[in-house]
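Hi there,

Here is the model I promised to pass on. Have a look at it first, and my notes follow underneath.

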Amino acid sequence: MRVELHLRRCLRVIGPSIAAGTFGAVTGGTALSARAAGVLAMSIAMYRLTVRAPLVFGRIAFALTCPPLIAIGFHARIPLLILSAAIGGLGSGALAVAWETALQHGVPERALSRVASHDDLGSFAALPLGQIAAGPAAGSLGAAGVSIIGGFVNPLMSLLPLASTSIRSFRT
């Protein structure tokens, strides 16, 4: 999950520069709002869904976060950009709820706080790495290139943990 965070953080730094040269800040803000709507919609849906294998479901759903990266990189038309952002939000929302569910079910109560703290530390430690890497990566590959590469690497990195039997076999 850390590599996906790194890629997404990198895009949040170069995304505004792509927006400034293409579809504009208002459309960029609209796309971010569509993403937030997708996260909210999936979070509400997950409240009602029974997912027996939350890590498998969450990892597959998180692969859906790649369309906005690709759409931005290829300067997609505005409706496609906004739709892809909403789809990306659905994937993010699914993973967030699935991951928290897995933590609650898979970690003993006495260790839950400690495990959650380590998880958060690892997640938030990736933030500055993505922001630091954004400039040099965009300088050598171009901002659109970084976005497109991230769009194709992100689902691979999201699905990679499914190679682990313990991830695939975890049930709630």
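Before the helix pairs, a word on how they are described: axes are lines fitted to C-alpha atoms, for helices over the stretch in contact, and angles run from 0 to 180 degrees between N-to-C directions. Helices themselves are DSSP runs (H or I, at least four residues), numbered from the N terminus. This is a predicted model, in which local features need pLDDT of at least 70 and side-chain atom pairs count only at pLDDT 80 or more, while totals for chains, interfaces and linings use all residues. Residues are numbered from 1 along each chain as its sequence is written, and side-chain values use heavy atoms, with hydrogens and water left out.

**H2 against H5**

The axes of H2 and H5 come within 6 Å and cross at roughly 35 degrees. Their crossing is right-handed; the rule is that the near helix is turned clockwise from the far one by less than a right angle, whereas anticlockwise would make it left-handed. On the H2 side, the contact (heavy atoms within 4.5 Å) includes Thr 27, Thr 30, Ala 31, Ala 34 and Gly 38. From H5, the residues that meet H2 include Ile 78, Leu 81, Ile 82, Ala 85 and Gly 89. By class, this contact of H2 with H5 has 15 nonpolar, 7 polar and 1 charged residues. For those classes, Ala, Val, Leu, Ile, Met, Phe, Trp, Tyr, Cys and Pro count as nonpolar, Asp, Glu, Lys and Arg as charged, and the others, Gly among them, as polar.

Ile 82 lies in helix H5 and is a handy place to zoom in. Not counting residues up to four places away in sequence, Ile 82 touches Thr 30, Ala 31 and Ala 34. The C-alpha atoms of Ile 82 and Thr 27 are separated by 8.1 Å, with the two residues 55 apart along the chain. Ile 82 has a relative accessible area of 23% and is therefore partly exposed (buried means under 20% relative accessible area, exposed over 50%, and partly exposed in between, with a 1.4 Å probe and protein chains only).

**H5 against H6**

Helix H5 (residues 78-106) also packs with helix H6 (residues 109-141), at an angle of about 150 degrees and with the axes 10 Å apart. H5 passes H6 in a right-handed crossing. Trp 99, Leu 103 and Gln 104 of H5 make this contact with Leu 112, Val 115 and Asp 119 of H6. Those residues divide into 4 nonpolar, 1 polar and 1 charged.

**The nonpolar cores**

Which residues touch the most other members of the largest nonpolar core? They are Ile 14, Ile 18, Phe 23, Ile 72, Leu 81 and Ala 143, out of 15 residues in that core. (A nonpolar core is a set of buried Ala, Val, Leu, Ile, Met, Phe, Trp, Tyr and Cys residues joined through side-chain atoms within 4.5 Å.) At least two residues each come from helix H1 (2-21), helix H2 (25-48), helix H4 (66-73), H5, H6 and helix H7 (143-159). H1 gives the most to this core, with 3 residues. A second, separate core of 6 residues includes Met 42, Met 46, Val 51 and Ala 94.

Ile 18 is in contact with Phe 23, Ile 72, His 75, Ala 143, Ala 144 and Ser 147, leaving aside neighbours within four places in sequence. Ser 17, also found in helix H1, is partly exposed at 45% relative accessibility. The C-alpha atoms of Ser 17 and Ala 143 are separated by 7.7 Å, although the residues are 126 apart along the chain.

**H3, H4 and the loops beside H4**

The buried residues of helix H3 (residues 54-62) are Pro 54, Leu 55, Gly 58, Arg 59, Ala 61 and Phe 62. They sit on the same side of H3 because they cover an arc of only 165 degrees around the axis, the arc being that of the directions from the helix axis to the C-beta atoms.

Why is H4 described as largely enclosed by the rest of the structure? Because 7 of its 8 residues are buried, among them Cys 66, Pro 68 and Leu 69.

Thr 65, in the loop between H3 and H4, counts as buried at 6% relative accessibility. Its contacts, leaving aside neighbours within four places in sequence, are Gly 88, Gly 91, Ser 92 and Asn 154. On the other side, His 75 lies in the loop between H4 and H5. Phi of His 75 is near 50 degrees, a positive value in a residue other than glycine. His 75 is partly exposed, with a relative accessible area of 42%.

Best wishes
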